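Student: Please take a close look at the cavity lining in this model, and then at the aromatic contacts.

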Amino acid sequence: MSGLVTLKGLLRPARDRSAAVVRPMARPALSMVRRHTRYSTPEYFLQQYRAGRFLYVNRWGGSQWIAPRQRALVPIDERMHIPRSVARLVRRGDFDIRYDTAFAAVLRQCASVHDRENADDSWLTPDAQEVYLRLHELGFAHSTEAWRDGRLVGGEFGLGINGLYAADSTFYLEPNAGKVAFAHLLDRLRSRGFLLYDTRVTSGATRPFGAYTVSRDDYQVLLQEALSADVAFH
C-alpha cells in the first residue's frame, strides 16, 4: 500500500504539469476552430436568438447555445418599474445618454474582465465580438451609453429583433452610470413598442427593476409573440 501511495505522489506533479500545459493551449485552439466555421456568423447568431437560445462559454473556452429551464425577463409594459432612487438619478441629469454612438467602445468595456481571476473565461471572446460588431452594422445590435464630460462611463449592449430585446452585457466606470443607462433603455423600449426584454438570468442589478423568471415553455410563447411584432430600436 505504501508503495502505491508513493507512486501516486510521484505521478501527481507530472499530471498537474500536463494540465497546466494543455489548458492554455486548448482555448486558442478551440477559438481558432470556431473562427473558421459557420457558427460564428451574424446569421447563425440571429437564428439562435430567434430560437430562444443564448451563447454560453465554459471554462475551457468551448461555446454552446443553451435554452435553460428558467429565463429572466424585465417588464417593459404597464408593470415596468423604475426604483425611486434611480428615478431621482435620472431626473438629476448627471449623465448624457446616447444610443449607438460608440458601440465598439461599449463592446470592449463589456468584454473586459478586470479583477477576475481568469480573464479568458469571458463569454465575449474575440470571435463573438467580431460577430456583434457585424450585427451592429446590420442594425440588430445596439448600445445604450452613459457619458459624463465627454467620457464614456457606463452602458450596455443587446440585440433588437422585432419586438424582442435580448440584453447581452453591461458595464460601468462610475457609480450609478449603469443604472441610469438601464432606466433610459427600458423607457425607450417601452415607447418603441418592444414586447420582451430578455435578461437571461436575474441579478442584483435587475431585481430592483422587477426582474422575474418564466419557464422555458412560457418564454417560447412570449418570444414568438415578440418576434411577430413590427417595431424598431430607432
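Tutor: Strand β7 gives three residues, the largest share, to the lining of the largest cavity. The model is predicted: local features need pLDDT of at least 70, side-chain atom pairs count only at pLDDT 80 or more, and totals for chains, interfaces and linings use all residues. Residues are numbered from 1 along each chain as its sequence is written, and side-chain values use heavy atoms, with hydrogens and water left out.

A cavity here is a set of points, on a 1 Å grid over the protein atoms alone, where a 1.4 Å probe fits but cannot get out; lining residues have an atom within 4 Å of a point. Grid points are joined across faces, edges and corners, and a volume is the space filled by probe spheres set on the points. The count is one cavity of 30 Å³ or more, and the largest cavity holds about 40 Å³ of space. Its lining consists of Y49, R53, F54, R71, L164, A166, A167, D198, R200 and Y219. Two elements, β7 (164-172) and β8 (196-200), give two or more residues each to this lining; strands are DSSP runs of E of at least two residues and helices runs of H or I of at least four, numbered from the N terminus. By class, the lining has six nonpolar, no polar and four charged residues, where Ala, Val, Leu, Ile, Met, Phe, Trp, Tyr, Cys and Pro count as nonpolar, Asp, Glu, Lys and Arg as charged, and the others, Gly among them, as polar.

Two of the lining residues, R71 and Y219, also meet as charge and ring: the charged end of R71 sits over the ring of Y219, 4.3 Å from its centre. The criterion is NZ of Lys or CZ of Arg within 6 Å of the ring centre and within 35 degrees of the ring normal. R188 likewise has its charged end over the ring of Y99, 4.1 Å from the centre.

Another lining residue, Y49, belongs to an aromatic cluster with Y44, F45, W65, F103, Y132 and F157. The structure holds 12 aromatic pairs; rings of Phe, Tyr and Trp (its six-membered ring) pair if their centres lie within 6.5 Å, with planes under 30 degrees apart counted as stacked, over 60 as edge-to-face and the rest as tilted. One of them is Y165 with F194, edge-to-face at 6.4 Å centre to centre and 80° between the planes. Y165 is in strand β7 and F194 in the loop between α6 (177-192) and β8, 29 residues apart. Both Y165 and F194 are buried, meaning under 20% relative accessible area (exposed is over 50%, partly exposed in between; 1.4 Å probe, protein chains only).

Notes. On a 1 Å grid over the protein atoms alone, a cavity is a set of points where a 1.4 Å probe fits but cannot get out, and a pocket is an open set with protein on both sides within 12 Å along at least five of seven lines; lining residues have an atom within 4 Å of a point.
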